[in-house]
Amino acid sequence: MATFEADGSWFPKVRGPYVLYLRFSDRPHTRLNVASQRKAVAPLLCKGRAHKIAEFVETEPRQGEGRIFLEEAIEVCRDQGATLILGKVDRLRGRIKLLDRLFNQRVKFRCADLPHLYSSTLYQLKREESERQRMRGDRIREGLAKARAEGVSLSGRRENSEGLKKGPAKSLEKRRWISDYRGRETWRLVKGIRDGGVSSLTEIAAKLNELGHRAPRGGPWSPNQVRRVVRKFEAK
């Protein structure tokens, strides 16, 4: 069953189990209204054939903080084979990376504010995002060049030198958190592959590569890398 828009376009409706993820912000003049997101989700659902198994409402995190509820929603979708419905992806930090990750990991998802999103549309979104970043960089470079031409000093004594010393420690803490999270996610996949009857490190590495799950540095998995993950988490 599909829904037709006024312009003649259409999109298929969601059937079976689904997990709803909504965003909320307590900041003034925000566009993240939970009620409006619920209203936008309704046309995506096939009446009588879609049933909600979980719902997550997450307050918008500050810069540098992770989306814990979003990760939990993705985990539920993987375990239950459900569709992840995102109430609003507009102005979502890192949305292109998130959608690309869902595509690569074969997690079924739909976006209430982008009901026609598919592989080809995602490619177009990635191109538009890349173009916006290029234009933003051009504007910054032009502004700096103009300031230099006018004799403005762009360097000098930093007032917050003590605060800058905290940067490396914060960066290290964040990198450790990301590494630990990726390790736990990899271990979950390895256990699932083992439960399917695969025990060889070479075969496990091949399965991880087939799933699109990349190694820590972005390349394919090797048996030695899988061995390190197994030793680390089996010892815990």
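Which residues are buried in α8? In this predicted model, the buried residues of α8 include V226, V229, V230 and F233. The legends below begin with an overview and then turn to individual close-up views.

**Figure 1. Overview of the chain and its 8 helices and 6 strands.** The model shown is predicted. Read from the N terminus, the elements follow the order β-β-β-α-β-α-β-α-β-α-α-α-α-α. The chain has 236 residues, of which 30% count as buried. Among contacts with a separation of 6 or more, 63% are between residues 24 or more positions apart.

**Figure 2. Helix α8 and its buried face.** Helix α8 comprises residues 223–234. Its 12 residues span 16 Å from the first C-alpha to the last, close to the 16 Å expected at 1.5 Å a residue. V226, V229, V230 and F233 are buried in this helix. Viewed down the axis of α8, the buried residues fall within an arc of 100 degrees, and therefore they line one face of the helix. The face turned away from this buried side carries the exposed residues R228 and R231. The buried residues of α8 pack against α6 and α7, the latter formed by residues 201–210.

**Figure 3. The crossing of α6 and α7.** Two packed helices are described by the angle between their axes and the distance between the axes. For α6 and α7, the axes come within 10 Å and cross at roughly 115 degrees. The crossing of α6 past α7 is right-handed. On the α6 side, the residues that meet α7 are T186, L189, V190, I193 and R194. Their partners in α7 are I204, K207 and L208.

**Figure 4. The salt bridge between E234 and R194.** The side chains of these two residues meet with an N to O distance of 2.9 Å. E234 lies in α8 and R194 in α6, so the pair ties together parts that are 40 residues apart in sequence. E234 is partly exposed, with a relative accessible area of 46%. R194 is also partly exposed, at 32%. R194 belongs to the group of α6 residues that meet α7 as well.

**Figure 5. The salt bridge between E185 and R101, and the network around it.** A search of the whole structure finds 14 salt bridges. One of them joins E185 and R101, whose closest N and O atoms are 3.9 Å apart. This pair links distant parts of the chain, with E185 in helix α6 (residues 166–195) and R101 in helix α3 (residues 95–104), 84 residues apart. E185 has a relative accessible area of 8% and is buried. Both residues belong to a network of salt bridges that links E71, E75, R78, R101, E185 and R188.

**Figure 6. A salt bridge within helix α4, between R141 and D138.** Side chains of opposite charge can pair when their charged atoms come close. The side chains of R141 and D138 meet in a salt bridge, at 2.7 Å from N to O. Because R141 and D138 are 3 residues apart in helix α4 (residues 119–149), they are separated by about one helical turn. R141 is exposed, with a relative accessible area of 52%. D138 counts as partly exposed, at 25% relative accessibility.

**Figure 7. R106 in the loop between α3 and β6.** The strand that follows this loop, β6, covers residues 109–111. Most residues other than glycine have a negative phi. The phi of R106 is near 60 degrees, a positive value in a residue other than glycine. R106 is exposed, with a relative accessible area of 60%.

**Figure 8. The surroundings of V14 in strand β3.** V14 is found in strand β3, which covers residues 14–24. At 3% relative accessibility, V14 counts as buried. Leaving aside neighbours within four places in sequence, V14 is in contact with L44, L45, C46, A50, T83, I85 and R110. V14 and A82 are 68 residues apart in sequence, and their C-alpha atoms are 10.0 Å apart in space.

Note on methods
Residues are numbered from 1 along each chain as its sequence is written. This is a predicted model: local features need pLDDT of at least 70, side-chain atom pairs count only at pLDDT 80 or more; totals for chains, interfaces and linings use all residues. Side-chain values use heavy atoms; hydrogens and water are left out. A salt bridge is a side-chain nitrogen of Lys or Arg within 4 Å of a carboxyl oxygen of Asp or Glu. Helices (H or I, at least four residues) and strands (E, at least two) are DSSP runs, numbered from the N terminus. Buried means under 20% relative accessible area, exposed over 50%, partly exposed in between (1.4 Å probe, protein chains only). The expected span of a helix is 1.5 Å times one less than its number of residues. The arc is that of the directions from the helix axis to the C-beta atoms. Contact means heavy atoms within 4.5 Å. Axes are lines fitted to C-alpha atoms, for helices over the stretch in contact, and angles run from 0 to 180 degrees between N-to-C directions. A crossing is left-handed if the near helix is turned anticlockwise from the far one by less than a right angle, and right-handed if clockwise.
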